[in-house]
Amino acid sequence: MSLHQMAVSHPFLLSSRSAYTLNPLLFTKRSRFCFPLSHSRFTLIKRRSFAVAASENGVFTSPELAKSFDFSSEERIYNWWQSQGYFRPKFDQGSDPFVISMPPPNVTGSLHMGHAMFVTLEDIMVRYHRMRGRPTLWLPGTDHAGIATQLVVERMLASEGIKREELGRDEFAKRVWEWKEKYGGTITNQIKGLGASCDWTRERFTLDEQLSRAVIEAFVRLHEKGLIYQGSYMVNWSPKLQTAVSDLEVEYSEEPGTLYYIKYRVAGGSRSDFLTIATTRPETLFGDVAIAVNPQDERYSKYVGQMAIVPMTYGRHVPIISDKYVDKDFGTGVLKISPGHDHNDYLLARKLGLPILNVMNKDGTLNEVAGLYRGLDRFEARKKLWSDLEETDLAVKKEPHTLRVPRSQRGGEVIEPLVSKQWFVTMEPLAEKALRAVERGELTIIPERFEKIYNHWLSNIKDWCISRQLWWGHRIPVWYISGKDCEEEYIVARSSEEALRKARDKYGRDVEIYQDSDVLDTWFSSALWPFSTLGWPDVSAEDFKRFYPTTMLETGHDILFFWVARMVMMGIEFTGAVPFSFVYLHGLIRDSQGRKMSKTLGNVIDPIDTIKEFGTDALRFTLALGTAGQDLNLSTERLTANKAFTNKLWNAGKFVLQNLPDRDDASSWQTIQTCKFDTEESLLSLPLPECWVVSKLHMLIDAVTESYNKFFFGDVGREIYDFFWGDFADWYIEASKARLYHSGDGSVTLVAQAVLLYVFENILKLLHPFMPFVSEELWQALPNRKEALIISPWPQTSLPRNTNLVKRFENLQALTRAIRNARAEYSVEPAKRISASIIASEEVIQYISEEKEVLALLSKLDLDNIHFTDSPPGDAKQSVHLVASEGLEAYLPLADMVDISAEVQRLTKRLAKMETEFEGLKARLKSPKFIEKAPEDIVRGVQEKAAETEEKINLTKNRLDFLKSTALVSQ
């Protein structure tokens with residue numbers, strides 16, 4: 001195996017991160033920039049500070065004055081952007097606007113990683129399109145969060161010994177508004193801390209007067225079309241809050257529970273004629289209306305058509321029926337039908353025409369249907385009922401059973417399926433239009449796989465329960481006539497005045513009316529968000545005409561149904577247009593082990609704490625590296641790495657600034673500013689390293705721009721990261737030192753300075769949407785900045801590049817890596833310069849030799865002892881032979897690198913030690929006792945270690961043979 005091949009087994013040597021170790025000049029102190037001894041031809045150029053210019057406005061700090069980027073400056077930078085009006089859309093270029101409506105966080109909210117994710121992704125989109133010259137509007141706002149906000153204020157009142165019922169509705173609402181004014185801005189300020197470049201002059205709240213008008217208008221129009229109705233149906237009921245809650249507000253958890261087995265005697269039969277039913281909720285048996293078995297279950301076929309006696313109900317009879325819905329393998333194969341308290345039973349009862357029997361009050365206690373158990377809490381009733389069943393010999397047994405328990409997302413209590421009179425929206429006709437929008441390509445969902453989920457949900461949609469039994473929210477615009485049946489006699493109106501006029505027209509001037517006490521589901525107002533925030537129902541509003549339909553809706557994939565699909569349906573219904581062209585769905589953020597973050601597990605990562613420790617830019621960069629629709633595992637290791645990336649950017653900026661001409665050197669600056677790289681001719685006039693890095697930059701601009709346009713943000717981040725760190729910092733900055741510290745032609749230095757500035761400022765532009773704070777700080781520190789980075793134009797695409805010259809520099813890189821690997825392999829002292837013979841064709845030698853200083857600098861070669869030839873040198877047998885690439889080789893005299901006799905002694909000792917270790921491993925593997933009794937993974941580990949040790953022994957023997965032969969030749 002050649003040394004070049006052996007290098008593969010040393011990944012550190014091939015890592016771009018090894019540049020610092022191999023070259024101590026990378027970002028070191030000034031005193032180390034000059035070369036020692038025979039390398040006096042490299043001298044330190046005079047450095048000039050631009051710190052004064054950067055800090056003239058009191059907002060920005062130059063890297064020349066600060067060791068690292070100060071996270072505390074983020075707030076100053078953000079406030080400066082906002083004060084300059086950069087977040088507001090500009091129409092001076094006249095292109096199509098890019099518009100995003102921010103998913104409104106709850107006004108009660110405090111920043112969590114889900115917020116950080118959507119803010120990061122949306123801000124990336126907004127900043128990118130702003131730099132592309134599009135009028136850009138990111139419209140922010142918050143949601144009144146009916147249940148959550150009412151809970152918070154009720155708890156606050158409870159701490160004062162006050163119940164909301166004691167205050168009354170109007171006074172309670174007043175207290176909630178007071179709370180909102182005092183605490184409601186917390187989440188907004190935290191979102192600003194993430195760098196969100198929203199137009200805060202257009203901030204909205206779902207209970208604003210304009211948005212409330214839109215909500216009332218939407219309800220009235222839907223009712224006029226016959227799409228809103230009132231009825232008693234099964235809903236998710238919160239006994240503590242005493243309101244219906246949406247599916248989204250119900251969380252299911254796996255919890256230990258009990259399966260109860262109960263006897264149901266067959267009416268008219270003997271004592272042995274009974275059916276045993278397994279249930280997890282025995283207290284609901286008072287609501288049983290039938291007993292069902294599977295028609296294929298021969299065990300119970302003889303009882304079908306007979307009646308069963310419901311236990312503890314004084315002999316109430318229910319029919320025994322058969323239905324294929326019953327799972328004969330679950331429990332005993334017999335199912336009690338309680339349609340008033342189970343979603344599936346409810347659907348089955350409606351299909352079969354069975355009655356609905358409710359046994360529970362709104363507060364979770366049992367009602368009069370439960371007889372002696374009336375007034376007991378549902379869980380207390382369960383215990384007492386089981387005890388009574390045991391006494392009457394109707395209890396068969398109970399056993400542990402894992403339950404899927406529905407709990408309120410807000411209060412944590414167990415949700416009760418309950419039939420309740422509510423207001424509903426008929427969804428099917430609305431869903432048909434939303435389905436067609438995707439079919440016709442009017443709406444694109446990213447990633448595409450979620451289209452199937454979207455289509456499936458809309459194709460099987462259920463009517464939407466929109467009423468909530470709360471005091472905080474949009475009150476339902478329905479008024480009832482005193483003394484009339486509520487379900488039959490009511491008026492829908494846009495205001496109480498309009499309702500009274502309508503009532504008088506129909507019932508006379510003495511009529512009395514009162515408004516429905518319920519409020520609308522928070523999601524109802526949220527469904528109107530993309531257009532209500534722009535002025536609808538006033539379609540002549542300037543913002544509505546300019547910005548609707550919007551461009552993008554970005555949110556978590558978990559609310560695709562509850563919010564996104566409803567916005568599509570409502571947008572088409574009320575405006576005739578799909579409310580946005582694209583839906584971008586991000587995944588959930590999990591911990592480093594892929595677990596959902598929860599307080600119970602103690603694995604919650606707080607974004608506020610994260611920002612304090614790692615900075616906003618590092619957090620944003622980490623979150624943005626995910627893939628659309630995929631969950632992201634977040635770890636402190638990733639955050640630490642990206643904080644290091646921020647520091648690397650800062651140090652690169654410091655290097656560029658310290659190596660530019662004096663700000664008063666007009667002649668040099670005129671030369672630098674006339675350097676253009678936008679033509680093939682200008683590119684080819686550059687030296688090889690400069691042509692390479694500019695070509696690579698131009699390739700990067702095209703690749704990154706395409707990825708931005710496709711919303712491949714993870715690719716964008718990785719592409720920029722790899723170029724900046726792997727190409728610019730590790731290679732070009734190092735190569736540029738051969739120009740910057742060269743005592744010869746000053747024009748070469750100016751070209752390098754121009755390229756450094758050109759490449760670095762374009763890196764900042766490409767990276768700005770991801771890392772806005774550090775990029776703006778560095779941008780402002782650069783000389784001759786005419787405008788802020790946030791509004792500077794995006795780099796031009798399709799700029800020239802020369803792939804042939806790129807390959808040439810890659811050959812130089814391959815040669816450098818091979819020499820670096822050999823130095824590391826032979827433990828050559830870092831400061832020691834060695835000689836080398838470079839073997840290649842005339843063409844290759846020509847362009848490699850032209851960059852002799854660069855090669856010497858990057859590879860730690862003795863500049864006066866680098867020889868270029870087309871055949872091996874005379875001392876080839878005493879040299880380390882490297883094959884860098886096809887047609888490019890090098891010979892490094894071994895005597896330059898090591899003391900051969902000392903190295904032979906060292907390797908001989910090392911070989912003896914490894915051979916002893918290898919013999920021990922072989923002995924263990926030959927032992928039948930070890931092979932038979934040791935765990936499989938332990939045996940496999942020993943086998944792998946033995947193979948690795950054997951390989952090292954062979955490599956060491958080859959090295960010793962080579963060293964000994966070299967010593968003999970030299971003698």
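Where is S798 found? In this predicted model, S798 sits in the loop between α29 (772-781) and α30 (803-825). Its backbone deserves a look. S798 has a positive phi of about 60°, although it is not a glycine. Most residues other than glycine have a negative phi. As for its surroundings, S798 is exposed, with a relative accessible area of 62%.

M312 offers a second case. This residue is not a glycine, and its phi is positive, at about 60°. The loop that holds M312 runs between β10 (307-309) and β11 (317-322). Is M312 exposed or only partly exposed? M312 is partly exposed, with a relative accessible area of 25%.

Next come the peptide bonds. Most peptide bonds are trans. The bond from W536 to P537 is cis, with omega near 20°. P537 belongs to the loop between α18 (529-532) and α19 (542-547). On the far side of that helix comes another case. The peptide bond from Y548 to P549 is cis, with omega near -5°. P549 lies in the loop between α19 and β22 (550-556).

Now turn to a sheet. Three strands form an open sheet in the order β8-β7-β13, and their pairing is antiparallel. The edges are taken by β8 (274-279) and β13. Each has a single partner strand, so one side of each is left without a neighbour in the sheet. On average, neighbouring strands of this sheet are turned by 20° against each other, direction ignored. Strands of a sheet pair through backbone hydrogen bonds. How many bridges join β7 to β8? There are six, and the two strands run antiparallel. Y261 faces a partner across this pairing: it stands opposite A278 in β8.

A helix packs on this sheet. Helix α13 lies across β7 and β13, and runs at about 165° to β13. The helix covers residues 378-391, which makes 14 residues. From its first C-alpha to its last, α13 reaches 20 Å, close to the 20 Å expected at 1.5 Å a residue.

Which residues of α13 are buried? They are R378, A381, R382, L385, W386, D388 and L389. These residues cover an arc of only 165° around the axis, which puts them on the same side of α13. K383 and E391 are exposed on the other side of the helix. What covers the buried residues of α13? The cover includes β7 (250-265), β13 (395-408) and β14 (416-425). Two strands of the open sheet, β7 and β13, are thus named again in this cover.

Both ends of α13 have a local detail. At its start, a side-chain oxygen of D377 comes to within 2.9 Å of the backbone nitrogen of F379. Just after the helix, D393 takes a positive phi of about 65°.

One more helix residue closes the tour. K654 lies in helix α23 (residues 636-658). Is K654 buried or exposed? K654 is buried, with a relative accessible area of 19%. The cut-off for buried is under 20%. Which residues does K654 contact, leaving aside its neighbours within four places in sequence? Its contacts are P63, A66 and K67.

Definitions and conventions: Residues numbered from 1 in each chain as written. Predicted model: local features only at pLDDT ≥ 70, side-chain atom pairs only at ≥ 80, totals over all residues. Heavy atoms only, no water. Helix = DSSP H or I, 4+ residues; strand = E, 2+ residues; numbered from the N terminus. Expected span 1.5 Å × (residues − 1). Buried < 20%, exposed > 50% of the residue type's maximum accessible area, 1.4 Å probe, protein only. Arc of directions from axis to C-beta. Contact = heavy atoms within 4.5 Å. Polar contact = N/O pair within 3.5 Å; in protein donor to acceptor, adjacent residues only side chain to side chain. Pairing = 2+ DSSP bridges. Axes fitted to C-alpha atoms, helices over the stretch in contact; angles between N-to-C directions.
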